[in-house]
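Visitor: Please show me the model, and let us examine how its descriptive terms are justified.

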Amino acid sequence: MHAASAETPAPAQGTVAASSAPDLGAPDPGGKRLAGVVTMLGSGLSNQTGAAIGSLAFPVLGPVGVVAVRQYVAAIVLMAVGRPRLRTFTKRQWWPVLLLALVFGTMNLSLYSAIDRIGLGLAVTLEFLGPLSIALAASRRRVDACCALIAAAGVVTLMRPQPSTDYLGMGLGLLAAVCWASYILLNRTVGRRVPGVQGSAAAAGVSALMFLPVGMVLVVEHPPTAGSVAYALAAGVLSSAVPYLADLLTLRRVPAQTFGLFMSVNPVLAAVVGWIVLGQDLGWTESAAVAAIVAANSLSILTSRT
């Protein structure tokens with residue numbers, strides 16, 4: 001599960017008081033923003049650390065098994081928070097929810113499969129192209145065209161032909177990017193048709209049901225160890241539950257522009273966590289490509305009109 005939907009409303013900015021006397025009872029905007037930044041940092045680190053820990057269970061459960069457990073955890077958390085009234089959903093509400101559930105599961109499965117083949121840093125960087133593409137495609141500014149070229153150069157560098165290039169892993173990362181872009185667009189539709197977070201919660205529940213047969217087969221065919229289950233559960237909590245709840249709080253404390261800018265740091269966090277936790281070291285060329293993609297998103301956000 002990635003960040004909470006951008007449709008979540010942020011609080012309106014307060015107006016400046018006419019009186020020059022300080023209002024000691026009013027909350028400190030600077031303190032709120034600092035708390036929001038700290039929460040975003042914790043959310044990002046939690047998300048990438050969870051993915052790294054989950055990959056430790058790959059030898060026993062495989063990416064499919066880890067994703068199945070992660071979907072179960074996400075469903076439990078979101079169903080508890082959203083409390084969707086499924087019986088009241090109409091056909092017009094159900095179809096985008098079902099599509100969202102399908103995309104949700106495919107996104108996580110393709111990402112974790114990519115992590116298994118090409119490492120955490122590169123997989124997350126390729127996946128990040130999804131939201132970046134949506135942001136750039138919606139713009140007609142010259143600076144965004146330049147940002148698109150920078151990002152494209154980074155992708156070409158990452159996927160340049162080499163004897164060790166894992167094209168299947170790269171392809172899975174790009175599939176995750178397509179799914180993340182679709183996830184964002186579907187979330188907008190669901191957000192307009194289903195009140196609150198009921199739609200996202202229902203989608204998480206349906207996605208978990210889709211992975212239920214997978215979990216049953218794995219238990220029968222490949223009995224999991226206690227350690228592998230613990231790693232998978234940790235991935236579910238750190239990469240789904242914690243980021244989702246943290247992002248709900250963050251969007252109430254910082255402007256959407258700041259939130260989007262910080263989200264662009266996730267590939268860097270993934271590379272650092274992959275290096276520390278998994279020993280996955282990126283070469284200078286790969287690091288430069290990751291930096292180019294992150295810089296393209298940061299430049300687009302920083303030059304946008306708010």
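Visitor: Why is V268 called partly exposed?

Guide: In this predicted model, V268 has a relative accessible area of 35%. Buried means under 20% and exposed means over 50%, with partly exposed in between, so V268 is partly exposed. The residue lies in helix α11, which spans residues 266-278.

Visitor: What makes V268 part of a nonpolar patch on the surface?

Guide: Membership requires over 30% relative accessible area, and the value for V268 is 35%. The patch is formed by V268, V272, W275, I276 and V277, which together have about 460 Å² of accessible area.

Visitor: How do you know that R83 is exposed rather than buried?

Guide: R83 has a relative accessible area of 66%. The cut-off for exposed is over 50%, so R83 is exposed. R83 is found in the loop between α2 (58-82) and α3 (91-118).

Visitor: What is notable about the phi of R83?

Guide: Most residues other than glycine have a negative phi. R83 is not a glycine, yet its phi is positive, about 45°.

Visitor: Why are α5 and α6 called roughly antiparallel?

Guide: Helix α5 (residues 129-137) and helix α6 (residues 142-158) pack at an angle of about 155°, and their axes are 10 Å apart. Angles over 145 degrees count as roughly antiparallel, therefore the term applies to α5 and α6. Their crossing is left-handed.

Visitor: What makes α5 oblique to α7?

Guide: α5 and helix α7 (residues 167-193) pack at an angle of about 55°, with axes 7 Å apart. This angle is neither under 35 degrees, nor 65 to 115, nor over 145, so α5 is oblique to α7. The crossing of α5 and α7 is right-handed.

Notes:
Residues numbered from 1 in each chain as written. Predicted model: local features only at pLDDT ≥ 70, side-chain atom pairs only at ≥ 80, totals over all residues. Heavy atoms only, no water. Patch = residues over 30% accessible without salt bridge, like charges linked within 9 Å, V, L, I, M, F, W, Y side chains within 5 Å. Areas by Shrake-Rupley, 256 points an atom, 1.4 Å probe, with all protein chains shown as cover. Salt bridge = Lys/Arg side-chain N within 4 Å of Asp/Glu carboxyl O. Helix = DSSP H or I, 4+ residues; strand = E, 2+ residues; numbered from the N terminus. Buried < 20%, exposed > 50% of the residue type's maximum accessible area, 1.4 Å probe, protein only. Axes fitted to C-alpha atoms, helices over the stretch in contact; angles between N-to-C directions. Left-handed = near helix turned anticlockwise from the far one by under 90°.
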